[in-house]
Amino acid sequence: MKQYLVTGMSCAACQARVEKAVNSLDGVDSCSVSILTNSMGVEGNVSSEEIIKAVEDAGYGASLKGASQRASISDEEDALVDRETPVLKKRLISSLIFLLLLMYLSMGHNMLGLPLPEMLEHNYVGLAISQMLLALIVMIINRKFFTSGFSSVIHLAPNMDTLVALGSSVAFGWSTYVLIRMTYYLTIGVGMWDLLPLYKGQLYFESSAMIPALITVGKLLESISKGKTTDALKGLMKLAPKTAILLKDNKETEVPIDDVSVGDIFVVKPGSNVPVDGIILDGSAAFDESALTGESLPVDKSVGDKVSAATVNKSGFVQCRATKVGEDTTLAQIIHLVSDAAATKAPISRIADKVSGIFVPAVIGIAFVVFVCWLIAGASYGAALERAICVLVISCPCALGLATPVAIMVGNGVGAKGGILFKTGEALETAGKIDIIALDKTGTITSGKPSVTDLIPAPGFEKDSLLEIAYALEAKSEHPLAIAINEEALKYKTELLKTKDFKSHTGNGLEATLDMGEDSPGILIHAGNANFISSFVHADINFSGIEKKLASGGKTPLFFEAGGRLVGIIGVADTLKKESANAIEQLHKLGNKVVMITGDNKMTAIAIGKKAGVDKVIAGVLPDGKADAIETLKEHGKVAMVGDGINDAPALTIADIGIAIGAGTDVAIDSADIVLMNSRLTDVPAAIRLSRATIRNIHQNLFWAFFYNAICIPLAAGVFNYWMSPMLGAAAMSISSFTVCMNALRLNFFDMKDSTKDKPRRKSRIYDIFTLTENPTVDSEDSNNNEHERSNTMEKTIKIEGMMCPHCEANVKGALEGLDGIDSAVVSHESGTAVITMSGDVADDVLQKTIEDKGYKFLGVE
């Protein structure tokens, strides 16, 4: 999407006109204009020159936003600079000075009997000329309404300014005509007192001046409130660092941020902002990342950790290498996401956009009909004109046009401050309508990193001694399960015992000898699965029972022995994130059903599903299987997919809403509609709450906008037998847009993390497809009735020895699925099998070589 700055727009009709002009170009797929940010997003194969020309031909100005980091962010800032408010203030003050004089002459004297200069006392022609001149000055001060209004008529695109200009001009023109009549009557000898009825009853100079002045008041209030709706985006832009301190030849040099390149070494001192994204090379510090993630607590980081631009070093001194600069930094991406979202339209705005496009011509037509009807009813020309003027000036297309974008802008800002980024207005709207939440397991519900869950020492041993033996064996292994045990040992500062003769029995376990000194042969120790350890332990132990018990809890058991005695068992698992169960409970309170989709085997998936509290588990699926599962779920309601990996990208794209965990891969983030910067699952219900609050706010705004026009236009026309002054109509119009903006600003006080008021949006048909029992229902790749037809496929079951954990399963699964002719593989380390689905013939020796190349034993094919 190309982004443009647009100038000259004053209301929703202008916005609609620009969109219509650009959408009419061949090659434009979509165009979305935001009057709030004065920006336009265009998708399609059209040159920038053609787009700019189309905008200019429509009577407005346009320019392409910059491409470099500072230029791009500067353009974003430039689009949001409030140039309108200072101009409106000057116009209003100048208008009020002359308007007060005009009101003194027209109302102060006539209604309150205030004194006049002797030359004007009972000189009604002189008073009328004075009022005309003062009104003319006020109209000149507010000439933008007239130049914009009549210019838009020339371009066949009347806007709100047209209504103001017509109302004021008609009042001024009629009053000037009456003044000419008064002058004529005076020249033919009519007495001054005889002119009093014309003077008091048919002069509207004060209305012709008051209309643009009051609309200016409304425009000023609207401008101030609109400016506040973009405060969050402005705040993000202000965070963009202007300089960086580079380290060159051991000397610190401060340079502009545009001079920083990938690979440069920069330093960050206490209290300073990180200039660009990078990785710490030396030192450690606590960083305040609240500007990007909304998380208030500082995060401790040291060598090897990543840092992001605009985060603040609260303590410590670090040297970093730049990894992302310019538009690639996290801050720049967030700014673009929020800005792009503001430039897109939510589906709910389409009705208001259609109405805004025909609103002004319709109002002009209504005003003419009102004028004619009053004349037919016997009213004077002056009275009929007054009704028509009231209709023109009380009508407000801006309230309609602003109803949706102001709420979307504020909602996006609130989300960004809380670490939730909506890429489009449609994503913000749709999130609140989701029925089913599909969650990837690894990295989303679980931490994605194995950790020790159980330390079970055998009789005669303590936990410390079990951990010492385990650490001695696993310290030299790079297996993910070994890394988990090593981290546990380091956490408890376990002593690393000396070993020798280390051996790895691939697919089974580890072997080493404890070094007891030169005079001792040492003690032989082993680690591995139940089958492996049972051959060394001289005791009747129910290894399979223990293994099944831990496996049923989603854990991988590792057995350890020393000198023929069982030392104990360590359970390792990819544990639930601490907030996962709470997040799923909140989703249930919001009326959503939660499905866990994973490539893991059934037993592990069921165990994790029970702990997390999901309603349904779909296990043993491939990346395209996840996409198929989403398609099936979409038959029962709107579906959101939450994931973090490359293999989640197809499902994220197919789902009604794709939600990416911020710590996930770039592919997943690019495929998603919503990005959670904090990588907390509790931000999913928070996003739903914010969406619902925003849509509720939009409904309120649209109701007010339609209700205002539906009531006020007939009222101004005199339908309810109420004789409204044009000045009162202008005042009402000026307040309407301001009211819409102020209502949207209430979203700034919405706490999207507060779950105390959660309730289902409505009863959903999705309830029918879930068995609401204590345990989640389970589907799997090999039993799912909704998977692809298998009439042209066949299955083989391979027996494999040596798999110990889900990571081994993933290793074998990836190798098999990489072979031509194999569509899928469902692997289980508990049963020691791999069930493969083939669309072509794959020789057994090819399968054997593939298994053995991965370090496992091939036992044959069933």
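Two residues are in contact when they have heavy atoms within 4.5 Å of each other. Keep that cut-off in mind as you work through these exercises on a predicted model.

**Exercise 1. Ala607 and its surroundings**

Find where Ala607 sits, decide whether it is buried or exposed, and list which residues it is in contact with beyond its neighbours within four places in sequence.

*Solution.*
Step 1: Look for the element. Ala607 belongs to helix 23, which covers residues 602-612.
Step 2: Check the accessible area. Buried means under 20% relative accessible area. Ala607 has 4%, so it is buried.
Step 3: Apply the contact cut-off. With neighbours within four places in sequence set aside, Ala607 is in contact with Ser552, Gly553 and Gly554.
Step 4: Compare sequence with space. Ala607 and Lys555 are 52 residues apart in sequence, yet their C-alpha atoms are 8.7 Å apart in space.

**Exercise 2. The rest of helix 23**

Which residues of helix 23 are buried, and what do they pack against?

*Solution.*
Step 1: Collect the buried residues of helix 23. They are Thr604, Ala605, Ala607, Ile608, Gly609 and Ala612.
Step 2: Recall a rule about helices. An α-helix has 3.6 residues a turn, so residues three or four places apart point the same way.
Step 3: List the packing partners. The buried residues of helix 23 pack against two helices by name, helix 17 (441-445) and helix 22 (580-589), and also against strand 16 (446-457), strand 21 (565-576), strand 22 (593-597) and strand 23 (616-619).
Step 4: Look just past the helix. Gly613 follows helix 23 and takes a positive phi of about 90°.

**Exercise 3. Helix 7 and its two partners**

How do helix 14 and helix 5 run relative to helix 7, roughly parallel or roughly antiparallel?

*Solution.*
Step 1: Take helix 7 (residues 160-187) with helix 14 (residues 381-394). Their axes come within 8 Å and cross at roughly 160°.
Step 2: Use the cut-off. Angles over 145 degrees count as roughly antiparallel. Helix 7 and helix 14 are therefore roughly antiparallel to each other, and their crossing is left-handed.
Step 3: Name the residues. Helix 7 contributes Leu163, Leu166, Gly167, Val170, Ala171 and Trp174 to the contact, while helix 14 contributes Tyr381, Gly382, Leu385, Ile389, Leu392 and Val393. Sorted by class, the contact of helix 7 with helix 14 has 10 nonpolar, two polar and no charged residues.
Step 4: Repeat for helix 5. The axes of helix 5 and helix 7 come within 10 Å and cross at roughly 155°. Helix 5 and helix 7 are therefore roughly antiparallel too, and this crossing is left-handed.
Step 5: Name these residues as well. Among those from helix 5 are Tyr124, Val125 and Met139, and among those from helix 7 are Ser168, Phe172 and Leu186. The contact of helix 5 with helix 7 divides into 12 nonpolar, three polar and no charged residues.

**Exercise 4. A residue in a loop**

Is Asn142 buried or exposed, and which residues does it touch outside its neighbours within four places in sequence?

*Solution.*
Step 1: Place the residue. Asn142 is in the loop between helix 5 (124-141) and helix 6 (143-154).
Step 2: Read the accessible area. The value for Asn142 is 0%, so this residue is buried.
Step 3: List the contacts. Asn142 meets Arg91, Ser95, Pro212, Ala213 and Thr216.

**Exercise 5. Two positive phi values**

Where are Lys493 and Asp501, and are they buried or exposed?

*Solution.*
Step 1: Start with Lys493. This residue is in the loop between helix 19 (480-491) and strand 17 (499-505). Its phi is near 55°, a positive value in a residue other than glycine.
Step 2: Move to Asp501, which lies in strand 17. The phi of Asp501 is also near 55°.
Step 3: Check exposure, which requires over 50%. Lys493 has a relative accessible area of 77%, so it is exposed. Asp501 has 51%, so it is exposed as well.

**Exercise 6. The nonpolar cores**

Which residues of the largest nonpolar core touch the most other members?

*Solution.*
Step 1: Recall the trend. In soluble globular proteins, nonpolar side chains tend to be buried together.
Step 2: Inspect the largest core. Of its 138 residues, Val18, Val22, Met40, Ile437 and Ile674 touch the most other members. Helix 27 (residues 683-717) supplies the largest share of this core, 15 residues.
Step 3: Look for another. A second, separate core has 44 residues, including Ile570, Ile800, Leu819 and Val827.

Definitions and conventions: Residues numbered from 1 in each chain as written. Predicted model: local features only at pLDDT ≥ 70, side-chain atom pairs only at ≥ 80, totals over all residues. Heavy atoms only, no water. Core = buried A, V, L, I, M, F, W, Y, C linked by side-chain atoms within 4.5 Å. Buried < 20%, exposed > 50% of the residue type's maximum accessible area, 1.4 Å probe, protein only. Axes fitted to C-alpha atoms, helices over the stretch in contact; angles between N-to-C directions. Parallel < 35°, antiparallel > 145°, perpendicular 65-115°, else oblique. Left-handed = near helix turned anticlockwise from the far one by under 90°. Nonpolar A, V, L, I, M, F, W, Y, C, P; charged D, E, K, R; others polar.
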